[in-house]
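Here's a quick tour for anyone meeting this structure for the first time. Have a look at the model, then read on.

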Amino acid sequence: MSRDIAEFVRKHAPPNEGAQVRLNHCKPGFDNRAFYVKRSGSVALYHCFHCGIKGRVALADDCYKYPKVPGGIVESRIVLPSDSTSNVRTWHPSAAIHVLGYGITQDEITNFGVVFSARLGALVFPIVDRDNGLIGYQSRRFPPVEKGPKYVTKIKPESNRNFKLLKGDGKTSNKLIICEDYLSAIKSARVAAAFACFGTTLTICPADLVQFDEVYIWFDHDNRQVISKELKAFSFVRQFVPRSKIVKIGDPKRHSTETLQGELDLCL
Ligand SMILES: [Zn+2]
């Protein structure tokens, strides 16, 4: 969808729920108003019966926000330590066992930019924007330490949107899985597009959501706070993608590709 179409649709979208307008798109003349724009919640649906283009545009632009970034550090310059490497054979064994234990492959580790830094003593998960720029990262200490936080998240100021979604080898999907952690997103990217919100650090923007027909909120379910987090995410997502669902079978990274696929094959 081009930016122009989105602008055009946003400008003409009717204010009332369910209302529809007819406009000219690719053919002039009063009788050729075959471009329909209909309002559905926070989304405008458009369809041109001349050229056939159709799609959805998010009418709201704001991301939902959680009250704070847990353990988050806002930093203007994000640089990975120079000894960072995605070659699992050179990682600290506990980090390698952690990642490979979920059935994640060396190719996935390389493709999705997971690295280990001995200097940091941590596994590092990148936070990347749509232009492939590194705008933050989450690190997890390996080997685990007694003192200090397990996870540290660093992110550039104002980085609250335009995150890159994870997609498996050139696969396109009309389904999106939103997970809590990066390894779960890597596993999920085998069967759909995926997004890791790193606990509650990142939120996804409406313009990204409307590209999908179905959205799955698939969190870990390892504590009670997760329920309020997922409900908040769900009520936000549902405004833009009515076919959305909370999945409650636990941590995506612990499931096989078949189970992940099976969950998506159940009709919403
Ligand atoms: Zn047209």
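With 268 residues, a compact globule would have a radius of gyration near 18 Å, and the protein chain comes in at 21 Å, which agrees. Keep in mind that this is a predicted model. Computed along its principal axes, so to speak, the C-alpha trace spans about 70 × 40 × 35 Å.

**The big picture**

- You'll find seven helices and 13 strands in the protein chain.
- The chain is divided into domain 1 (3-57), domain 2 (73-155) and domain 3 (165-265).
- Between the C-alpha centres of domain 1 and domain 3 there are 29 Å.
- Of the 268 residues, 34% are buried.
- Take the contacts with a separation of 6 or more: 57% of them come from residues 24 or more positions apart.

**The four-stranded sheet**

- Four strands line up in the order 1-2-3-4 to make an open sheet, and their pairing is antiparallel.
- At the edges sit strand 1 (20-23) and strand 4 (54-58), each of which pairs on one side only.
- On average, neighbouring strands of this sheet are turned by 20 degrees against each other, ignoring direction.
- Strand 1 pairs with strand 2 (residues 35-40) in the antiparallel sense, over four bridges.
- In that pairing, Val 21 stands opposite Val 37 in strand 2.

**Val 99, a buried residue**

- Look for Val 99 in helix 2, which covers residues 93-100.
- Is Val 99 buried or exposed? It counts as buried, because it has 22 C-beta neighbours inside 10 Å and the cut-off for buried is 20 or more.
- Leaving out residues up to four places away in sequence, Val 99 touches Ile 104, Ile 109, Val 114 and Leu 183.
- How far apart in space are Val 99 and Val 21? From C-alpha to C-alpha they are 52 Å apart, with their positions 78 residues apart in sequence.

**The nonpolar core**

- In soluble globular proteins, nonpolar side chains tend to be buried together.
- Here the largest nonpolar core has 63 residues, and Ile 178, Ala 194 and Phe 195 are the ones that touch the most other members.
- Strand 7 gives the most to this core, with five residues.
- Which residues does Ala 194 touch, not counting those up to four places away in sequence? The list is Leu 165, Leu 166, Ile 177, Cys 179, Ala 185, Ser 188 and Ala 189.

**Two backbone spots to check**

- As background, most residues other than glycine have a negative phi, and most peptide bonds are trans.
- Phe 142 and Pro 143 are joined by a cis peptide bond, with omega at about -5 degrees.
- Pro 143 lies in the loop between strand 8 (134-141) and strand 9 (151-155).
- Asn 132 has a phi near 65 degrees, which is a positive value in a residue other than glycine.
- Where is Asn 132? Its place is in the loop between strand 7 (122-128) and strand 8.
- Asn 132 is exposed, because it has 9 other C-beta atoms within 10 Å and the exposed class takes in 12 or fewer.

How values were computed
Residues are numbered from 1 along each chain as its sequence is written. This is a predicted model: local features need pLDDT of at least 70, side-chain atom pairs count only at pLDDT 80 or more; totals for chains, interfaces and linings use all residues. Helices (H or I, at least four residues) and strands (E, at least two) are DSSP runs, numbered from the N terminus. Two residues are in contact if their C-beta atoms, placed from the backbone, lie within 7 Å. Two strands pair if DSSP finds at least two bridges between them. Axes are lines fitted to C-alpha atoms, for helices over the stretch in contact, and angles run from 0 to 180 degrees between N-to-C directions. The radius of gyration is taken over C-alpha atoms; the globule rule is 2.2 Å times the number of residues to the power 0.38. Domain bounds come from an automatic or database domain assignment. A nonpolar core is a set of buried Ala, Val, Leu, Ile, Met, Phe, Trp, Tyr and Cys residues joined through C-beta atoms within 7 Å.
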